[in-house]
Amino acid sequence: MGEQIGRRRFLATATATATATGAAVAAGPGLALPASAAQAADPAPAAGDAGWAGWFARPEAAVRPKVRWWWPDGLVDPAQIRREVDQLADAGFGGAEIAAVHHSIEDKSVLDPVGHGWGSAAWAAGIEAALDQAGRRGLAIDLTIGPSWPAAVPTITPDHEAAVKELQYGVVQVVAGSTYSGPAPEPVTASDAVPKLLKVAAWRLNPAYTSSNGRVLGFDIDSYVELAAVDGLVSWTAPADGTWLLFAFWERGSGQQPESGPHTAPEASVVDHFSAAGTRAVIEYWERHLLTPATRRLLRKSGGALFEDSIELETSGLNWTPALPVEFANRRGYDVWPYLPAIVRNDEDQVFQSEPGTTRHVRHDYWLTVSELFGEHHLSALTSWAHSLGLEFRCQPYGLETDSIAAAAIVDIPEGESLGFRNLDDYRALAGGRDLGGRKVLSCEAGAYQGGAYATTWKKLLLTMGGAYAAGLNQTVLHGFSYLSAPGADWPGFAAFTPYDGRQGYSESWGPRQPTWRHVPAVTGYLGRIHQVLQTGTSRIDVAAFRQKGYTKTGIGVGWFTASGVPAGWTHQMVSAPLLELDRAVVRDGRLAPDGPSYKVLFVEGDRFAGNEATLPVETARTLLSFARAGLPIVFLGSGWSAATVPGVGESDVLREILAELFAEPRVRVVAELTEVPVVLAELGVSPDVSHPTSTLLNHRRVEQGVDYYYLVNGKHAESVKPPVAAIDHDVTFTRSHRNGVPFRLDPWTGSVEPIASYVEAGDRVTLRITLKPGAATIIAFRPGRRGEAPTTGAALAPIPLDAWQLDVESYLPGPTPTETLIHRHRVSLDALAPWSAIPGLEDVSGVGRYTTVVDLDTTTAHLDLGEVFDTAQVTVNGRRLPPVNLLNPVVDLSGHLRRGRNTIQVEVATTLFNRLRVAQPAVYSGNRQNYGLLGPVRLIPYA
């Protein structure tokens, strides 16, 4: 056993109906589906080991995807709420997050925040109905901690001590030797809030530090002069050496309210996220006004979470909290006031700067202090309080210049978002915090496409999310599911984000209003199986990449590994300084966090957010030295480490002394160029768990009790890589935990588990052939046991093209009310497949199409290759419904369902609503028609 190096805990953690052709039938509120469309959310049991295979085939509700369930505040009917819970359960979802969101409603006067606002009696009745029905159906319900976002409560005003604050400045220039006499300079931006004067001071203007465009003025920090203000009046004569900047610094409430209100009466104000007072206001409001005895009881049984959206604290000045000057001095060891002009902002822009290094370092110290306050007073406090209610706390812990990686280790469930995250490294940042923090789930707000409302396909969603699962994501919260109705909403019902500013908004309002809803159990089953595997055991990651600033939502990757390592099989996560002080951050047998991600090497770059400056905190350098002495390989990239600096304001001599000792360790390397990274990794004997020729294959490994699970997807690994257009077909070498591990292929679409017979072994390494279409995914598992024989598929015979079809279409039309849909039926005979937009009478139709053909066969074994399909599909052969169609590789094995002679094959496809909406509401939904239908070419491929 290697030396075990433990670290102190730094982060605060808590712990429709059939009719004759042409008839129109109302399909009721929310478009209830015909009985023939009902489909079980789970497939038949898989063959083989009933326990293991059944576990995979039938993912439990806790791991199934969830939805964001948008309510128009309290304008909901408890009976309809129960129906919608049933709709979600029947579709195979595992839960819902209830959020008060109604950006699509332009006339807010119809919302009635007094009688039906967020937190009202009507809202509470809806919540209790949702929680009760979800409990009956086995779904988890999450609640947002306030209406919309950011966190806000109606019991405070913008001037309240618990309300969100900003620091504003006023400034005048005073020429050498002249006197300024008058009121302290007013804030540069006006506000209705009452400002509090904190400080008046002056600094000498220094043109040498002024930006070339003159927009950022330079000043000398050492010239700081604190001035007196009596009753808000200042009288001061400038020294004779140069022009001076006389500042007044003002604290005031920013006046921010939750998005797209009003949601309450009185309207809620956003709370201070950096003080105990702000968080206390949230907790007290819930305890006194929202948590009725019934709600408390139902929440405790719900298995749900409290949720907070991304921290979008908008201010015209600088994010602030009243205790910040004292906290800064206590934590950083010096006074913030002499440096404040370098930190203040106007409309989020920096406006003053001093010597570049000092300016950069004091800004680092400022945001480090804010980050610590955010973690301690907000994230940790809300996590603990959620636990007291029997809940978890889920949060998107980013949006400011704070350490999101460290924050992901504090909350129970950190969450990212597919809209805002620029590439997979944004997920890898949060995954590092989750894994070193000992958490299990990394969630994602998934599928919010700008301008995609009622036009987004499930295939697009799966292509978006496939790579994210390889980056550590293992829970999907679909964006989203809208409550049935709201005042002013048009057909097909209320949608939270469309129209958006009068135009086609953010997708998508999934639900029974969508033709594809009948096929959704196939998608939720697919995602649930992926989640099930990726929430099993612990991650195994090759590389921990150190980040001096723990930002995410930046798209900035890791040198060499993102661009070159990942395409060859390497995996990595980001870690920041606080994570290396956690209990899990120990080194044993040359691995960092051996009981967690078990990193093989620590990779340290310069600060990617500060010009790649070689910088480390002294305590982090000491930690790295202890790691190296315990046998952990560490690789530094960059040529400036001999002159490294501390990231904040302070002396760097001690840091350089520690680094000199660190660089002398035998398992430590310093390389100047990216091309040297793979060379030194080889020298250190560090190799990835998965290796293969350079391709778009991505992987993620989980290990539990000797079983290895590898999630594999043919997806993009960086923003610079276009969505893949080529299939993968090459050997892949895997590492297994035990040399008697036998490979199995787990199909997340059908739930089947099959042994793999053809592979090459070499110790703990196994090589298999992997073939994946673009975007497609599979799971390879290595389980201790004897080598078995896999079912074999014989050689393919000449394919049989299927060109002639009868097409029966159910066209979805607006009904007499915004929540009713009419079904109009069409029948067409096709000699060749074509998109609906090219078929007379179907050009603007959205809905469900059933393609039927009859074929005579002299074999009972064949694959059906559907070619191109828009959007979802379900195959029936001789009256028997087959397992789900893989939307990313729509090839279906018909064996066991065919018979010699005459066979009837039916392919049911479902579309978006866009083509109908572009003619029903052209002012909102415009653009070219989508190419609906079964496009093919469709081929029946018999095999021996």
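Strand β12 (residues 244-253) has 10 of its 10 residues buried, so the strand is largely enclosed by the rest of the structure; buried here means under 20% relative accessible area, with a 1.4 Å probe and protein chains only. Strands, like helices, are DSSP runs numbered from the N terminus (E, at least two residues, for strands; H or I, at least four, for helices). The model is a predicted one, in which local features need pLDDT of at least 70 and side-chain atom pairs count only at pLDDT 80 or more, whereas totals for chains, interfaces and linings use all residues. Residues are numbered from 1 along each chain as its sequence is written, and side-chain values use heavy atoms, with hydrogens and water left out.

Trp244, Leu246, Ala248, Trp250 and Arg252 point one way from β12, while Leu245, Phe247, Phe249, Glu251 and Gly253 point the other way, and all are buried. Two strands count as paired if DSSP finds at least two bridges between them. β12 pairs in the antiparallel sense with strand β6 (residues 165-174) over 10 bridges, and Gly170 stands opposite Ala248. An antiparallel pairing also joins β12 to strand β8 (residues 196-204), over 8 bridges, with Trp203 opposite Leu245.

Further along the chain, an open sheet is formed by 4 strands in the order β31-β34-β38-β37, with antiparallel pairing. β31 (690-691) and β37 (760-762) are the edge strands with a single partner each, so one side of each is left without a neighbour in the sheet. Strands β34 (residues 728-735) and β38 (residues 765-772) pair over 8 bridges, and His730 stands opposite Ile770 of β38.

Turning to the interior, the largest nonpolar core holds 171 residues, of which Trp69, Trp71, Leu306 and Phe734 touch the most other members. Such a core is a set of buried Ala, Val, Leu, Ile, Met, Phe, Trp, Tyr and Cys residues joined through side-chain atoms within 4.5 Å. Helix α8 gives the most to this core, 10 residues. Another core, of 55 residues, lies apart from it and includes Ala544, Leu624, Ile658 and Leu659. Leaving aside neighbours within four places in sequence, Leu306 is in contact with residues including Leu143, Ile145, Trp286, Trp385 and Phe393, contact being heavy atoms within 4.5 Å.

What about empty space? On a 1 Å grid over the protein atoms alone, a cavity is a set of points where a 1.4 Å probe fits but cannot get out; a pocket is an open set with protein on both sides within 12 Å along at least five of seven lines, and lining residues have an atom within 4 Å of a point. The second largest pocket has a volume of about 1200 Å³. Of its 47 lining residues, Arg332, His364, Leu368, Glu372 and Pro617 are the closest to the centre. α8 supplies the largest share of this lining, 12 residues.

The largest cavity has a volume of about 80 Å³. Its lining has 11 residues, with Gln87, Ser482, Leu484, Pro512 and Arg513 nearest the centre, and α2 gives the most to this lining, 3 residues. The second largest cavity, of about 60 Å³, is lined by Arg428, Ala470, Val566, Gly569, Trp570, Thr571, Leu697, Leu698 and Asn699. Strand β32 (residues 697-704) contributes the largest share of that lining, 3 residues. Volumes are the space filled by probe spheres set on the grid points, which are joined across faces, edges and corners.

Conventions. Buried < 20%, exposed > 50% of the residue type's maximum accessible area, 1.4 Å probe, protein only.
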